[in-house]
Every structure is written in C-alpha cells, then in structure tokens.
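Please look over the sequence and the model below before reading on. The paragraphs that follow move from the overall fold to the surface, the pocket and the cysteines.

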Amino acid sequence: PRGPRRLHKAPSAGEIAACRPWLEAEVRAVRPQAIVCLGVTAARSVFSRVVRLGDLRGGPHADSPLGVPV
C-alpha cells in the first residue's frame with residue numbers, strides 16, 4: 001500500500017551481518033581504490049556498526065574494516 005507507510009524497511013543487523021562475507025569477497029575480487037556509501041545502510045554494512053551519516057561526511061575515512069578508504 002502507498003501513502004505514509006514505508007514501502008521497504010531497512011535491513012536488520014542480522015541481515016547485514018549475513019551479507020558481510022559476500023561484501024568482503026567482492027572487495028577482495030574488485031580491489032577498489034575507494035568505496036562510496038550511498039546511504040546509511042551502505043555505511044552500516046561497510047563499517048559493521050551503527051553510524052550516522054553526519055559523522056562520516058566531509059572526507060575520506062581510511063580506517064574502514066575493509067582496508068579501503070571510504
């Protein structure tokens with residue numbers, strides 16, 4: 001249904017953790033120079049913790065758990 005209800009809900013911490021091995025394998029295979037997080041769900045996936053986008057804005061973060069600047 002449309003209206004004030006959300007159409008999609010954010011993934012739970014368990015769902016994010018379940019996808020973590022896939023994310024790590026993808027980063028190893030692609031070997032990107034940097035990762036750009038396009039939202040809080042992506043940032044939570046990369047940093048493996050609850051984050052606020054306002055705290056991350058403003059520049060690269062070299063201390064990501066994936067070993068790639070974010």
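A residue is called buried here when its relative accessible area is under 20%, exposed when that value is over 50%, and partly exposed in between. By this criterion, in what is a predicted model, buried residues make up 21% of the 70 residues in the protein. The accessible surface comes to about 5500 Å², and carbon and sulfur atoms account for 58% of that area.

As for the fold, the secondary structure consists of three helices and zero strands, so that the order of elements from the N terminus reads α-α-α by the DSSP runs used. The C-alpha trace spans about 40 × 30 × 20 Å along its principal axes. Among contacts with a separation of 6 or more, 45% are made between residues 24 or more positions apart.

The largest pocket has a volume of about 200 Å³. Its lining includes the run I35, V36, C37, L38 and G39, and is completed by F47, L53, L56, R57, G59, H61 and V70. In terms of residue class, that lining divides into eight nonpolar, three polar and one charged.

One of these lining residues, C37, also leads to the matter of sulfur pairing. A disulfide requires two cysteine sulfur atoms within 2.5 Å, and by this rule the protein has zero disulfides. C19 takes part in none, the nearest cysteine sulfur being that of C37, 15 Å away; C37 likewise is in no disulfide, with the sulfur of C19 as its nearest at 15 Å. C19 counts as partly exposed because its relative accessibility is 46%.

Methods: Residues are numbered from 1 along each chain as its sequence is written. This is a predicted model: local features need pLDDT of at least 70, side-chain atom pairs count only at pLDDT 80 or more; totals for chains, interfaces and linings use all residues. Side-chain values use heavy atoms; hydrogens and water are left out. Buried means under 20% relative accessible area, exposed over 50%, partly exposed in between (1.4 Å probe, protein chains only). On a 1 Å grid over the protein atoms alone, a cavity is a set of points where a 1.4 Å probe fits but cannot get out, and a pocket is an open set with protein on both sides within 12 Å along at least five of seven lines; lining residues have an atom within 4 Å of a point. Grid points are joined across faces, edges and corners, and a volume is the space filled by probe spheres set on the points. Ala, Val, Leu, Ile, Met, Phe, Trp, Tyr, Cys and Pro count as nonpolar, Asp, Glu, Lys and Arg as charged, and the others, Gly among them, as polar. Helices (H or I, at least four residues) and strands (E, at least two) are DSSP runs, numbered from the N terminus. Contact means heavy atoms within 4.5 Å. Accessible areas come from the Shrake-Rupley method with a 1.4 Å probe; for residues, only the protein chains shown count as cover.
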